[in-house]
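Visitor: I should like to take a close look at a single part of this protein, namely the surroundings of its bound ligand. Would you please describe that part and then lead me on to whatever adjoins the discussion?

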Amino acid sequence: MTAPVRLAEPTSVRVALAERSYDIVIGRNLLPQLGSSIAALRPGAAAAIVTDETVARHHLAAAEASLADAGMRTARVVVPAGEASKSWPVLERICNGLLAEKIERRDLVVALGGGVVGDLAGFAAAVTRRGLDVVQVPTTLLAQVDSSVGGKTGINAAQGKNLIGAFHQPVLVLADTTLLDTLPPREFRAGYAEVAKYGLINDAAFFAWLEANWRDVFAGGPARDQAIAVSCRAKASIVGRDERETGDRQLLNLGHTFGHAFEAAAGFSDRLLHGEAVALGIALAYGFSAELGLLPQADADRATAHLAAVGLPTRVSDLRDAPGIDRLMELMAQDKKVKGGKLTFILARGIGQSFVAADIDAGAVRAYLAARLEG
Ligand SMILES: NC(=O)c1ccc[n+]([C@@H]2O[C@H](COP(=O)([O-])OP(=O)(O)OC[C@H]3O[C@@H](n4cnc5c(N)ncnc54)[C@H](O)[C@@H]3O)[C@@H](O)[C@H]2O)c1
Ligand SMILES: [Zn+2]
């Protein structure tokens, strides 16, 4: 695990992308500083908050008060909560709302919410007036450790998830970890799959730390902040090396090729949350690596045991209704990580030793999955 995180004050992680570099600020009770942070970055700017109805109930008043205290003109666009909002009609509503509120090129969009709001508001900012700056204020664990960082924005198409979008890096990410206190436990647990993922990708010491400290991460306080900060450092480092996912950034897809297929089969609904699908996908990716003789079985068992200990699904039998093998293979083939008939998987040689395997034979995957579906 990289250098210890100081916990008494907010931690700042730099995403180094030349003229598009920005800070991720992580800490407790940061929302009251949102206005002054933005005012320091863009003196005189107005800010339009985009949020969803659920987050608005909990945190919009505090966000608006903070902006008003800093003397900023504010506007708001509130959309329905849920994945269905990542659509053309809701995007159009947001863009029109920004224009109606006279948000100009020098003003800002504030994405206050989980990954849905972050992706939507980020994309609206990317295309309105040919590009407005966006500040991400993530309110789910998934958004704080993953989706608010790295600049991927977008909406879903009939053909699949996240197929319409743009790279649009934020100018600031403000991760107030106390906002997670209102998050339903199931959502927190799902986000934790992405935290564990960083350990399993390339930080064995972090994974061991999580095995020892996950209860404190769930309880809140310093361990939670530390887990979020280490996760953000990991993502920032990968994004800094490979902003557009031509190489290393693919490692972030650990568990996602298997996971997406199960998520799609469940209709991207709350039958199976994204992080839950990722946990199952990681367990399958580690198991598959062991089956291929790349990884000691004990390491696959260890990765799986940790995810299961926090209450995440790790076996196909943990799902209420699993899809059949034909449907699963079809969904995996539709996934954008397929090139020339071969499947790209993130596999592992050890805990914290994941790698991109671009040439995996679909037949081997099918045999492995079919056995899991029967078992
Ligand atoms: N851009 C990226 O790099 C990236 C990465 C991973 C995932 N994503 C996207 O993120 C989305 C999933 O994000 P998510 O898991 O945050 O889902 P989400 O945004 O739908 O939030 C989950 C639920 O929690 C509610 N909520 C959010 N914050 C809350 C809080 N503090 N208190 C109480 N309730 C709260 C929301 O209203 C929603 O009902 C997917 O659309 C996925 O495609 C994007
Ligand atoms: Zn994910």
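**The surroundings of ligand 1**

Guide: In this predicted model, ligand 1 is surrounded by 26 residues, of which the closest are Glu 83, Gly 115, Thr 139, Thr 140 and Thr 182. Sorted by class, the shell around ligand 1 holds seven nonpolar, ten polar and nine charged residues.

Several parts of the chain contribute to this shell. At least two of its residues are supplied by each of the helices α2 (53–69), α4 (115–127) and α5 (141–147), and likewise by the strand β8 (160–167). The largest share, four residues, comes from α2.

We may now turn from the shell to individual contacts. A polar side-chain atom of Asp 52 lies 2.8 Å from an oxygen atom of ligand 1. Another oxygen contact involves Lys 161, which places a polar side-chain atom 3.0 Å from an oxygen atom of the ligand. Lys 152 takes part through its backbone: an N or O atom of its main chain lies 2.9 Å from a nitrogen atom of ligand 1. As for the ligand's surface, ligand 1 has 870 Å² of accessible area on its own, and the protein covers 88% of it.

Strand β8, which supplies residues to the shell, also contains Asn 162. The backbone of Asn 162 deserves attention, for its phi is positive, at about 60°, although the residue is not a glycine. A positive phi is also found at Asn 29, where the value is near 55°. Asn 29 belongs to the loop that runs between β2 (22–27) and α1 (34–41).

The second ligand is a zinc ion. Its protein donors are Glu 194, through OE, and His 256 and His 274, each through NE2, at 2.0 to 2.1 Å from the ion. Along the sequence, these donor residues follow the spacing E-x61-H-x17-H. Glu 194 sits in helix α6 (residues 185–202) and His 274 in helix α10 (residues 274–291), so this pair ties together parts that are 80 residues apart in sequence.

One of the zinc donors, His 256, leads us to a further feature, since named here among the residues that line the largest cavity. Across the whole structure, a search finds three cavities of 30 Å³ or more, and the largest of them holds about 40 Å³ of space. Its lining is made up of Asn 253, Leu 254, Gly 255, His 256, Thr 257, Phe 258, Ala 285, Thr 344, Phe 345 and Ile 346. Two or more of these residues come from each of α9 (256–265) and β11 (342–348). By class, the lining of the largest cavity has five nonpolar and five polar residues, with no charged ones.

Key
Residues numbered from 1 in each chain as written. Chains lettered and ligands numbered in written order. Predicted model: local features only at pLDDT ≥ 70, side-chain atom pairs only at ≥ 80, totals over all residues. Heavy atoms only, no water. Near = heavy atom within 4 Å. Polar contact = N/O pair within 3.5 Å; in protein donor to acceptor, adjacent residues only side chain to side chain. Areas by Shrake-Rupley, 256 points an atom, 1.4 Å probe, with all protein chains shown as cover. Nonpolar A, V, L, I, M, F, W, Y, C, P; charged D, E, K, R; others polar. 1 Å grid on protein atoms, 1.4 Å probe; cavity = no way out; pocket = protein on both sides within 12 Å on 5 of 7 lines; lining within 4 Å. Points joined across faces, edges and corners; volume = space filled by probe spheres on them. Donors = N, O, S within 2.8 Å, 3.2 Å for Na, K, Ca; no water.
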